[in-house]
Amino acid sequence: MSTTTLAAPTALFSTARTTATAARVLRQLRHDPRTIALMLLVPCLMLVLLRYVFDASPRTFDNIGASLLGIFPLITMFLVTSIATLRERTSGTLERLLAMPLGKADLIAGYALAFGTVAVVQSALATGLAVWLLGLDVTGSPWLLLLVALLDALLGTALGLFVSAFAASEFQAVQFMPAVIFPQLLLCGLFTPRADMHPLLEAVSDVLPMSYAVDGMNEVLHHTDLTSAFLRDVLIVAGCALLVLVLGAATLRRRTD
């Protein structure tokens, strides 16, 4: 009598597989000092540059510095994540991983965990620099600034994971930045209050996550306590990041039979 052994089904999500994926990505990042510099140092350097651009008008820095504290991490994490993930797609690494007992949820969560870890360091450095060294005047708690900056960085990570599925080269990945980031940058309320925009543009800005990131930073800038508007803003940014991560997982598929 012959017997057939059936492989146990792979669990939809495994903490061990997720942390192993995150550790692998972090090891790769450790050997790429240019990427580390882009993620950790560039946002800080941009804040320093901005502070001294408005050296004669510190109040201007206070008004826009908090907003950019959330925008810079989003942009840098979007660039780094989209390019790094695309490299693994085009090199066949993702396809080989998907052929192993590794679920899509494990893979996408591992990437999010790895880049999220870097985002924590990035956001902490930028927030500490802006508040304690550059003198950013914030009415609310700096920890709330850090929270929004971290959520923005995670949103940038999620967007980068998602758009990498639609690019065939690193150049194309960078080309997504004008399409995905620039409209949000123009409509988020950084340059003019969203209520002063054309009604059509204001309606568009109401569905863009960066608008709520800027709103959340402004709430911390002007209020000492938690406000319902701040809670709404951070929940929307977090929800958008989670939604885009789910969409990113849907793009993970084998490209060959």
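A salt bridge is a side-chain nitrogen of Lys or Arg within 4 Å of a carboxyl oxygen of Asp or Glu. Keep that in mind as we walk through this structure, which is a predicted model: local features need pLDDT of at least 70, side-chain atom pairs count only at pLDDT 80 or more, and totals for chains, interfaces and linings use all residues. Residues are numbered from 1 along each chain as its sequence is written, and side-chain values use heavy atoms, with hydrogens and water left out.

## The whole chain

Let us start with the overall picture. The protein chain has 12 helices and 0 strands. Here helices (H or I, at least four residues) and strands (E, at least two) are DSSP runs, numbered from the N terminus.

How much of the chain is buried? Of its 257 residues, 49% are buried. Buried means under 20% relative accessible area, exposed means over 50%, and partly exposed lies in between, with a 1.4 Å probe and protein chains only. The chain exposes about 13000 Å², and carbon and sulfur atoms supply 68% of that area. Such accessible areas come from the Shrake-Rupley method with a 1.4 Å probe; for residues, only the protein chains shown count as cover.

Contact means heavy atoms within 4.5 Å. Among contacts between residues at least 6 apart in sequence, 77% join residues at least 24 apart. For a pair that is far apart in sequence, look at Ser 14 and Ala 105: they are 91 residues apart in sequence, and their C-alpha atoms are 8.4 Å apart in space. Ser 14 lies in the segment before helix 1 (15-30) and is buried, with a relative accessible area of 15%.

## Two helices to look at

Helix 8 covers residues 170-180, and its buried residues are Ala 173, Met 177 and Val 180. Viewed down the helix axis, these buried residues fall within an arc of 95°, so they line one face of the helix. The arc is that of the directions from the helix axis to the C-beta atoms. A general rule helps here: an α-helix has 3.6 residues a turn, so residues three or four places apart point the same way. What do the buried residues of helix 8 pack against? Their partners are helix 4 (58-90), helix 7 (142-163) and helix 9 (182-187). On the face turned away from the buried side, helix 8 carries the exposed residues Phe 171 and Ala 179.

Helix 6 (residues 104-133) lets you check a simple sum. The expected span of a helix is 1.5 Å times one less than its number of residues. For the 30 residues of helix 6 this should be 44 Å, and the end C-alpha atoms are 42 Å apart, which agrees. Just after helix 6, Gly 135 takes a positive phi of about 75°.

## Salt bridges

How many salt bridges does the rule at the top give? The count comes to 6. Among them are these three:

| Pair | N to O distance |
|---|---|
| Asp 55 and Arg 51 | 3.3 Å |
| Asp 62 and Arg 59 | 3.5 Å |
| Arg 194 and Asp 206 | 2.6 Å |

Arg 194 and Asp 206 link distant parts of the chain: Arg 194 is in the loop between helix 9 and helix 10 (199-205), Asp 206 is in the loop between helix 10 and helix 11, and they are 12 residues apart. Arg 194 counts as buried at 14% relative accessibility, while Asp 206 is partly exposed at 35%.

Salt bridges that share partners join Arg 59, Asp 62 and Asp 137 into one network. Within it, Asp 62 and Arg 59 are 3 residues apart in helix 4, separated by about one helical turn. Asp 62 is buried at 8% relative accessible area, whereas Arg 59 is partly exposed at 48%.

In the remaining pair of the table, is each partner buried or partly exposed? Asp 55 is partly exposed, with a relative accessible area of 43%, and Arg 51 is buried at 16%.

## A buried aspartate and a surface patch

Asp 215 sits in helix 11 (residues 209-222) and counts as buried at 18% relative accessibility. Leaving aside neighbours within four places in sequence, Asp 215 is in contact with Arg 194, Arg 232 and Asp 233.

On the surface, Met 46, Leu 49 and Val 53 make a nonpolar patch of about 280 Å². Patches are made of residues with over 30% relative accessible area and no salt bridge: like charges are joined within 9 Å, and nonpolar side chains (Val, Leu, Ile, Met, Phe, Trp, Tyr) within 5 Å. Val 53 belongs to helix 3 (residues 42-53) and is exposed, with a relative accessible area of 56%.
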